[in-house]
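Colleague: I have a chain open in my viewer and would love to go through one part of it slowly with you. Could you take a close look with me, and then set that part beside the rest?

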Amino acid sequence: MTRGVSSNWPELSDEELLKLRLSDLPLKLEGTVVETRIDQLKRELAERGLNFPLHFYLSDEWFTPDGEMSMAVPFYLAHPRLERLEKSQMLAVEGGEHEWCMRILRHEAGHVIDNAYKLRLRQKRRQLFGSPAEEYPEFYTPRPYSKSFVMHLDPWYAQSHPDEDFAETFAVWLTPESDWKTRYAGWSAIKKLQYMDELMAELAGKPPRLDKCEEIDPLRRLHRTLQYHYKRKRAHYGVDHPNFYDRDLRRLFSDAPGDTSHMTAAQFLGWHRRHVRRIVADWTGIYQYTIDKVLEDMIVRCRELKLRLAADEEETLQEFTVLLTVQVMNYLHSGRHRIAL
């Protein structure tokens, strides 16, 4: 048992859990659901003749250390209680669902293979995907309709950096029954997939050019508290929503005691989400992804303010559609549509 943590730690409240240090969590990969998904990844690689050593360990997030044949898996996937904490803090559990987790594992495996066989040194790899030496941006602005990149992880992650483009292309190539030859026929990205197919056939059965699997930032060495961890994470990904929607939302909806029996504003907006998103996209020509980011912020804020429907549904929907249009334009002009890496 890790120092200072009792055996009933999963029964602690969120407030109590947040006081624990990451290094205090008594976790291991063995016997977890994520271990079965790792085993599936290994089988998929083996079926392609890719049998190089691949080491997995727990850390604070998903990542592949540069130059290593190891992959870090986020700690919260090692226990259901921590998955619930992750969701309460971040509104979603990245990799919590089976298919989502497999997409991430295949993507990270692309980075590992890149490292293991030193593929960044290959001229054709650099020609097709770009220079690995290109600096990672803090944010990137996606081009949703570009056909030069594959679609694997949302949102258009292949566009963020040449190394991510390589890893995403590898993941699409590796995914069973992805039918990439048909799906990407006519796309510029097909050249990258064809190259990946040739490259992996060349590497099948060959030993890696590396012989080490070091752990960078393993959980046991992360001594910050969960509270500090999530504070930093929310700030990075923008989950601490701004309150500049409050005035307009309070005008449109109500938190008055007399309206407590009415439908919640969050539920109302959730029901009409797709419809409103499409209308605003038609009006403005803005990508629906961008609109949905703003809409999600507003739904979350309605929930936090405990707002409820106060007027006629149709009238409210019309007014909200106008409000969303204005806020989407503000969002774009402020630069907040960039996506954190």
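In which loop is E177 found? Please start there and then lead me outwards from that spot.

Modeller: Happy to. Please keep in mind that this is a predicted model.

E177 sits in the loop between α6 (162–174) and α7 (180–183). Its backbone deserves a look, as E177 has a positive phi of about 55 degrees although it is not a glycine. As for its surroundings, E177 is exposed, because its relative accessible area is 83% and the cut-off for exposed is over 50%. The loop between α6 and α7 also holds D179. Here again phi is positive in a residue other than glycine, with a value near 55 degrees. D179 has a relative accessibility of 47%, so it counts as partly exposed.

Now step back along the chain to the loop on the other side of α6. Q159 lies in the loop between β3 (139–140) and α6. With a relative accessible area of 16%, Q159 is buried, because buried means under 20%. If we set aside neighbours within four places in sequence, Q159 is in contact with P142, R143, S146 and F149. You can also find Y140 from there: the C-alpha atoms of Q159 and Y140 are separated by 8.0 Å, while the two residues are 19 residues apart along the chain.

For a strand residue to set beside these loops, try S59, which belongs to strand β1 (residues 55–59). S59 has a relative accessible area of 0% and is therefore buried. Not counting residues up to four places away in sequence, S59 touches A72, V73, P74 and F75, and also I216, D217, L219 and L222.

A helix residue gives another view. A201 is placed in helix α8 (residues 190–203). Its relative accessibility is 56%, so A201 counts as exposed. Its C-alpha atom is separated by 7.9 Å from that of R48, and A201 and R48 are 153 residues apart along the chain.

Let us move on to how helices meet, beginning with helix α2 (residues 33–47) and helix α4 (residues 98–116). The axes of α2 and α4 come within 10 Å and cross at roughly 50 degrees. That angle is why α2 is described as oblique to α4. The crossing of α2 past α4 is right-handed. On the α2 side, the contact is made by V34, R37, I38, Q40, L41, E44 and L45. On the α4 side, the residues are H98, C101, M102, L105, R106, A109 and I113. Sorted by class, the contact of α2 with α4 has nine nonpolar, two polar and three charged residues.

Another pair to look at is helix α12 (residues 273–284) and helix α13 (residues 288–305), whose axes come within 9 Å and cross at roughly 130 degrees. This makes α12 oblique to α13. The crossing of α12 and α13 is right-handed. From α12, the contact is made by R273, R277, R278, V280 and A281. From α13, it is made by Q288, I291, D292, L295, E296 and I299. By class, the contact of α12 with α13 has five nonpolar, one polar and five charged residues.

Stay with α13 for a moment. It has 18 residues and reaches 25 Å from its first C-alpha to its last, close to the 26 Å expected at 1.5 Å a residue. Its buried residues are T290, I291, V294, L295, D297, M298, I299, V300, R301, C302 and L305. Three names on that list, I291, L295 and I299, are buried and also take part in the contact with α12. K306 follows α13, and the phi of K306 is positive, near 60 degrees.

Finally, zoom out. The protein chain has 14 helices and four strands. Its C-alpha trace spans about 70 × 55 × 35 Å along the principal axes. Of the 341 residues in the protein chain, 49% are buried. Among contacts in the protein chain with a separation of 6 or more, 73% come from residues 24 or more positions apart. That is the setting for the loop you asked about, where E177 is exposed and D179 is partly exposed.

How values were computed: Residues numbered from 1 in each chain as written. Predicted model: local features only at pLDDT ≥ 70, side-chain atom pairs only at ≥ 80, totals over all residues. Heavy atoms only, no water. Axes fitted to C-alpha atoms, helices over the stretch in contact; angles between N-to-C directions. Helix = DSSP H or I, 4+ residues; strand = E, 2+ residues; numbered from the N terminus. Parallel < 35°, antiparallel > 145°, perpendicular 65-115°, else oblique. Left-handed = near helix turned anticlockwise from the far one by under 90°. Contact = heavy atoms within 4.5 Å. Nonpolar A, V, L, I, M, F, W, Y, C, P; charged D, E, K, R; others polar. Buried < 20%, exposed > 50% of the residue type's maximum accessible area, 1.4 Å probe, protein only. Expected span 1.5 Å × (residues − 1).
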